[in-house]
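The following exercises are to be worked with the sequence and the coordinates at hand. Each task is followed by a solution in steps.

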Amino acid sequence: MNKKLIEKGVAYILEGLLGPEWSTDRNYEDTPKRVARFYDEMFRTREYVCRTFPERHEQMIIVAHHIDYSLCPHHLLPVRFDISLAYIPTTTVLGLSKLIRLVQNHFSEPILQETLTDSIADELMSRPKPTPLGSGVLVYGEHACMQIRGAKTTGYVVTSAMRGVFLTKHEVREEFLSLVRRHK
């Protein structure tokens, strides 16, 4: 990430909105630097070790309603994501905090909700070894690009991705969705 370029870009936006006098207005003092620091914080990839533990557990493990934020790549406006994910391990389980880290590392840049949903489901299938029996991801997105411009709706976008038994077995998918709904 090049924070100096981001600062220049924000300065150009402010000049485009307010004219050259923005730079002498105390309300905008250090705004380009603050925006660059914010992007650095928001899109920082967090290194983590995907710790697994030998455990014979062949039932669903769910993280429900984790909230995270990003920007939509089309308008660079905020998106609030409510993310629920589950997987069914066989002989190895992921450390619980690693499930959240796995999600957080998908926010290294602005991302489409559809891409986010599929990427999390795929990673849940590839991280623990042996491969889990399945994974499911349900994401509710509140998109500022739909709320404050364009359609101007208070609605949210829902995406899901199912892999393995979550895709092939209706009862597994229904169990996941009903458990997530129950705790909303």
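**Exercise 1.** Is R56 buried or exposed? Identify also the acidic partner of R56 in a salt bridge.

*Solution.* The model is a predicted one.
Step 1: the relative accessible area of R56 is 61%. Exposed means over 50%, so R56 is exposed.
Step 2: the side chain of R56 meets that of E58 in a salt bridge, with an N to O distance of 3.0 Å.
Step 3: E58 has a relative accessible area of 38% and is therefore partly exposed.

**Exercise 2.** Describe the overall composition of the protein, giving the order of the elements.

*Solution.*
Step 1: the protein contains 7 helices and 6 strands.
Step 2: read from the N terminus, the order is α-α-β-β-β-β-α-α-β-α-β-α-α.
Step 3: the C-alpha trace spans about 65 × 35 × 20 Å along the principal axes.
Step 4: of the 184 residues, 40% are buried.

**Exercise 3.** Characterise helix α1 by its salt bridge between E7 and K4 and by the surface patch to which L18 contributes.

*Solution.*
Step 1: E7 and K4 are both in helix α1, 3 residues apart, which is about one turn of the helix.
Step 2: their side chains form a salt bridge at 3.8 Å, N to O. This falls within the 4 Å cut-off for such a pair.
Step 3: E7 has 16% relative accessibility and so counts as buried, whereas K4, at 57%, is exposed.
Step 4: L18 belongs to helix α1, which covers residues 3–18. Together with I13 and L17, L18 makes a nonpolar surface patch of about 300 Å².
Step 5: the relative accessibility of L18 is 32%, so L18 counts as partly exposed.

**Exercise 4.** Determine how α3 and α4 are arranged, and find the salt-bridge partner of D118.

*Solution.*
Step 1: helix α3 (residues 96–104) packs with helix α4 (residues 113–126) at an angle of about 135°, and their axes are 10 Å apart.
Step 2: the two helices are therefore oblique to each other.
Step 3: the crossing of α3 and α4 is right-handed.
Step 4: D118 forms a salt bridge with R163, with 3.2 Å between the closest N and O atoms. This pair links distant parts of the chain, since D118 is in helix α4 and R163 is in strand β6 (residues 157–164), 45 residues apart.
Step 5: D118 has 33% relative accessibility and thus counts as partly exposed.
Step 6: elsewhere, K3, D40 and R44 are joined into one network by salt bridges that share partners. The whole structure has 8 salt bridges.

**Exercise 5.** Which residues other than glycine have a positive phi, and which residues are joined by a cis peptide bond?

*Solution.*
Step 1: most residues other than glycine have a negative phi, and most peptide bonds are trans.
Step 2: D30 is not a glycine, yet its phi is positive, at about 70°. D30 lies in the loop between α1 and α2 and is partly exposed, with a relative accessible area of 40%.
Step 3: L76 also has a positive phi, near 55°. L76 lies in the loop between β2 and β3 and, at 48% relative accessible area, is partly exposed.
Step 4: the cis peptide bond joins K129 and P130, with omega about 0°. P130 is located in the loop between α4 and β5.

Notes: Residues are numbered from 1 along each chain as its sequence is written. This is a predicted model: local features need pLDDT of at least 70, side-chain atom pairs count only at pLDDT 80 or more; totals for chains, interfaces and linings use all residues. Side-chain values use heavy atoms; hydrogens and water are left out. Patches are made of residues with over 30% relative accessible area and no salt bridge: like charges are joined within 9 Å, nonpolar side chains (Val, Leu, Ile, Met, Phe, Trp, Tyr) within 5 Å. Accessible areas come from the Shrake-Rupley method with a 1.4 Å probe; for residues, only the protein chains shown count as cover. Helices (H or I, at least four residues) and strands (E, at least two) are DSSP runs, numbered from the N terminus. Buried means under 20% relative accessible area, exposed over 50%, partly exposed in between (1.4 Å probe, protein chains only). Axes are lines fitted to C-alpha atoms, for helices over the stretch in contact, and angles run from 0 to 180 degrees between N-to-C directions. Angles under 35 degrees count as roughly parallel, over 145 as roughly antiparallel, 65 to 115 as roughly perpendicular and the rest as oblique. A crossing is left-handed if the near helix is turned anticlockwise from the far one by less than a right angle, and right-handed if clockwise.
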